[in-house]
Amino acid sequence: MTVIGIASVKGAPGVTAFALALASTWPGNVVLAELDASGGDLAGHRGLQPDPGIASLATEIRRERDVEVLTRHAQMLPSGLKVIPAPSRPAQAHAAISALAGVLPEVFPKLLRETTLIADLGRLTGASVELAGSMDRLLVLTRPKLTDLAHLDGLPPNAELVLVGRGPYPPKEVTDALDLKIRVHLRHDPAAQAFLEGRRRRTRLVRAARQLAATLAVSAQLEPVP
Ligand SMILES: Nc1ncnc2c1ncn2[C@@H]1O[C@H](COP(=O)(O)OP(=O)(O)OP(=O)(O)O)[C@@H](O)[C@H]1O
Ligand SMILES: [Mg+2]
């Protein structure tokens, strides 16, 4: 299984919208998991039940780790995308994700090889930093503003940046100053909220995500199988 984490370090730069857009446009088998310890938003945006989801997964994974364990806890959106929603309550989400963080890095290599997991990690803190570091890719969203960029210290070595919207710093200045690769620069998308809520399917964000998904999917296939 290829695992791609999407995260932020500050503010709400659009992690959930981007993770959903990337998963919705992924060219192959994909599952979107909400591993946001501050509480999930997908169930609220899309009118999903809290279960099955991250909490039921955290309970089962202690005793059962077969190749289908993740997909058993997924729900399907009308588009056909499989999502594992996090509880919206922070205390419940935090408990489930703390339990999963210790187990998932060991479980990922045993899961279906032809499936990609896209994980909405929310804002990286505590246990989620280590979990993020165990993923094949880690895309960290940030606005190119000094106040946001100042929080990018101490990211795991697999981190790459996704810049969102405009700021005073052009991408080259950001990379030079931070020594982090910029994977993509997303423009402001006024239809992001409508996309999150399932009212729009084709938006600027979705187009950008589709391009990136195609590139990442090819490089994932080229990686040697261990
Ligand atoms: N590319 C974008 N351009 C403009 N607005 C965006 C973009 N992506 C998301 N938004 C808007 O920003 C707000 C936050 O988006 P989202 O929930 O995806 O952020 P987040 O980083 O997951 O936040 P949180 O940390 O609270 O989970 C929403 O109102 C959303 O519609
Ligand atoms: Mg979010």
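## Around the ligand

A residue counts as near a molecule if its C-beta atom, placed from the backbone, lies within 6 Å of it. By that yardstick, in this predicted model, ligand 1 is surrounded by 19 residues. The closest are Ala12, Gly14, Thr16, Ala192 and Gln193. Three elements give two or more residues each to this shell: helix H1 (15-24), strand E5 (116-123) and helix H9 (192-196).

What classes of residue make up the shell around ligand 1? There are 9 nonpolar residues, along with 6 polar and 4 charged ones.

## The protein as a whole

Stepping back from the ligand, the protein is built from 10 helices and 8 strands. Its C-alpha atoms fit in a box of roughly 50 × 40 × 35 Å along the principal axes. For 226 residues, a compact globule would have a radius of gyration near 17 Å, and the 16 Å found for the protein agrees with that.

As for burial, 41% of the 226 residues count as buried. Take the contacts with a sequence separation of 6 or more: 68% of them come from residues 24 or more positions apart.

## The sheet

Here is how the strands line up. They form an open sheet of 8 strands in the order E3-E4-E2-E5-E1-E6-E7-E8, and the pairing is mixed. Strand E3 (75-76) and strand E8 (182-186) sit at the edges, each pairing on one side only.

You can walk through part of the sheet pair by pair. E1 and E6 run parallel and are joined by 5 bridges; here Ile4 has Arg137 of E6 as its bridge partner. E6 in turn pairs with E7 in the parallel sense, again over 5 bridges, with Leu139 partnered by Glu160 in E7. Strand E7 (residues 159-164) then pairs with E8, also in the parallel sense, over 4 bridges. In that pairing, Val164 has Leu186 of E8 as its bridge partner.

Helices pack on this sheet too. H1 touches strand E1 (2-8), strand E2 (30-34), E5, strand E6 (137-142) and E7, and its direction makes about 175° with that of E5. Helix H8 (residues 171-178) touches E7 and E8, and the angle between its direction and that of E8 is about 145°.

## What is covered up

How much of H1 is buried? The count is 10 of its 10 residues, and the list includes Thr16 and Leu22. Thr16 is also one of the closest residues to ligand 1, while H1 is among the elements giving two or more residues to the ligand shell.

E6 is largely enclosed by the rest of the structure, because 5 of its 6 residues are buried.

## A closer look at Leu212

Leu212 lies in helix H10 (residues 204-222). Why does Leu212 count as buried? The cut-off is 20 or more other C-beta atoms within 10 Å, and Leu212 has 20 C-beta neighbours inside that distance, so it counts as buried.

Which residues does Leu212 contact, leaving aside its neighbours within four places in sequence? They are Leu22 and Val184. Leu22 is one of the buried residues of H1, and Val184 falls within the edge strand E8 (182-186). For a sense of spacing, Leu212 and Leu35 are 177 residues apart in sequence and 21 Å apart in space, going from C-alpha to C-alpha.

Conventions: Residues are numbered from 1 along each chain as its sequence is written. Chains are lettered from A and ligands numbered from 1 in the order in which they are written. This is a predicted model: local features need pLDDT of at least 70, side-chain atom pairs count only at pLDDT 80 or more; totals for chains, interfaces and linings use all residues. Ala, Val, Leu, Ile, Met, Phe, Trp, Tyr, Cys and Pro count as nonpolar, Asp, Glu, Lys and Arg as charged, and the others, Gly among them, as polar. Two strands pair if DSSP finds at least two bridges between them. Two residues are in contact if their C-beta atoms, placed from the backbone, lie within 7 Å. Axes are lines fitted to C-alpha atoms, for helices over the stretch in contact, and angles run from 0 to 180 degrees between N-to-C directions. A residue is buried if 20 or more other C-beta atoms lie within 10 Å of its own, exposed if 12 or fewer, and partly exposed in between; C-beta atoms are placed from the backbone. The radius of gyration is taken over C-alpha atoms; the globule rule is 2.2 Å times the number of residues to the power 0.38.
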